[in-house]
Amino acid sequence: MKKLHGWQTATIGEVATITGGSGFPDTFQGESTGDLPFIKVSDLNLPGNEKYVNRANNWVSEEVRRLVKAKLQPSGAIVFAKVGGALLTNKRRILTRPTIIDNNMMALHATGVDEQFLYQFMLSVDLARYCQEGAVPSVNG
């Protein structure tokens with residue numbers, strides 16, 4: 001980290017772990033109960049999920065998580081869309097429990113700053129400015 005006008009400055013990678021989501025085969029979608037929520041980008045729009053992810057349309061067992069080799073994102077991680085038109089909506093949400101996110105999403109887990117600070121910072125970042133060129137907008141780590 002560097003000092004600038006009395007503030008410490010850092011890259012996102014210096015203060016957070018950045019991870020992508022996991023593939024979610026159709027076979028395992030649609031369960032309303034289970035051990036773990038498996039959220040898709042559309043879940044960010046559910047009532048009650050305006051800041052924190054409190055609801056999910058899909059749940060899976062720990063056995064299914066292991067079978068599909070899905071990464072578990074920690075409570076407190078900040079999630080957002082990383083591809084398609086949803087990326088341009090700049091929605092950010094905070095996980096309230098360990099959660100699996102689909103492969104159209106990314107997660108930031110604060111390691112060097114407070115998660116609320118990171119969340120507020122991410123609200124100020126317009127991901128459209130960092131999109132890769134192509135038919136479908138996308139960002140990567």
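**The cavity**

Begin with the largest cavity, which encloses about 40 Å³ of space in this predicted model. The structure holds one cavity of 30 Å³ or more. To display its walls, select P37, V53, N54, R55, A56, W59, T96, R97 and T99, the residues that line the largest cavity. Coloured by class, this lining shows four nonpolar, three polar and two charged residues. Rolling a probe the size of a water molecule over the atoms shows where empty space is left.

**The three-stranded sheet**

Keep P37 and W59 selected, since both belong to the cavity lining. P37 stands opposite W59, a residue of strand 6. Extend the selection to strand 4 (residues 36–39) and strand 6, which pair in the antiparallel sense over two bridges. Strands of a sheet pair through backbone hydrogen bonds, either parallel or antiparallel.

Next, add strand 9 to the view. The resulting open sheet of three strands has the order 6-4-9, and its pairing is mixed. Strand 6 (59–60) and strand 9 (100–101) occupy the edges; each has a single partner strand, so one side of each is left without a neighbour in the sheet.

**The aromatic pair**

Now select F24 and F38. The structure holds one aromatic pair. F24 and F38 form this pair, and their rings are stacked, with 3.6 Å centre to centre and 5° between the planes. The pair links distant parts of the chain, 14 residues apart: F24 lies in the loop between strand 3 (16–20) and strand 4, whereas F38 lies in strand 4.

Are these two rings buried or exposed? F24 has a relative accessibility of 11% and therefore counts as buried, the cut-off being under 20%. F38 is also buried, with a relative accessible area of 1%.

**Strand 7 and its partners**

Move to strand 7 (residues 78–81) and show its side chains. I78 and F80 point to one side and V79 and A81 to the other; all are buried, which leaves both faces of the strand covered. In a regular strand the side chains alternate between the two faces of the sheet.

Then add the partner strands. Strand 8 (residues 93–95) runs antiparallel to strand 7 and is joined to it by two bridges. Strand 10 (residues 105–110) is likewise antiparallel to strand 7, with four bridges joining the two. V79 is a useful residue on which to centre the view: V79 stands opposite R93 in strand 8 and opposite A107 in strand 10.

With F80 still displayed, select R92. The charged end of R92 sits over the ring of F80, 5.4 Å from the ring centre.

**Two loop residues with positive phi**

Finish with the backbone torsions in the loops on either side of strand 7. Most residues other than glycine have a negative phi, and most peptide bonds are trans.

Where is K69 placed? K69 lies in the loop between helix 2 (62–67) and strand 7. Although K69 is not a glycine, its phi is positive, at about 55°. K69 counts as exposed because its relative accessibility is 71%, and the cut-off for that class is over 50%.

Lastly, select N90, in the loop between strand 7 and strand 8. N90 also has a positive phi, near 55°, in a residue other than glycine.

Note on methods
Residues are numbered from 1 along each chain as its sequence is written. This is a predicted model: local features need pLDDT of at least 70, side-chain atom pairs count only at pLDDT 80 or more; totals for chains, interfaces and linings use all residues. Side-chain values use heavy atoms; hydrogens and water are left out. Buried means under 20% relative accessible area, exposed over 50%, partly exposed in between (1.4 Å probe, protein chains only). Two strands pair if DSSP finds at least two bridges between them. On a 1 Å grid over the protein atoms alone, a cavity is a set of points where a 1.4 Å probe fits but cannot get out, and a pocket is an open set with protein on both sides within 12 Å along at least five of seven lines; lining residues have an atom within 4 Å of a point. Grid points are joined across faces, edges and corners, and a volume is the space filled by probe spheres set on the points. Ala, Val, Leu, Ile, Met, Phe, Trp, Tyr, Cys and Pro count as nonpolar, Asp, Glu, Lys and Arg as charged, and the others, Gly among them, as polar. Rings of Phe, Tyr and Trp (its six-membered ring) pair if their centres lie within 6.5 Å; planes under 30 degrees apart count as stacked, over 60 as edge-to-face and the rest as tilted. A charge sits over a ring if NZ of Lys or CZ of Arg is within 6 Å of the ring centre and within 35 degrees of the ring normal.
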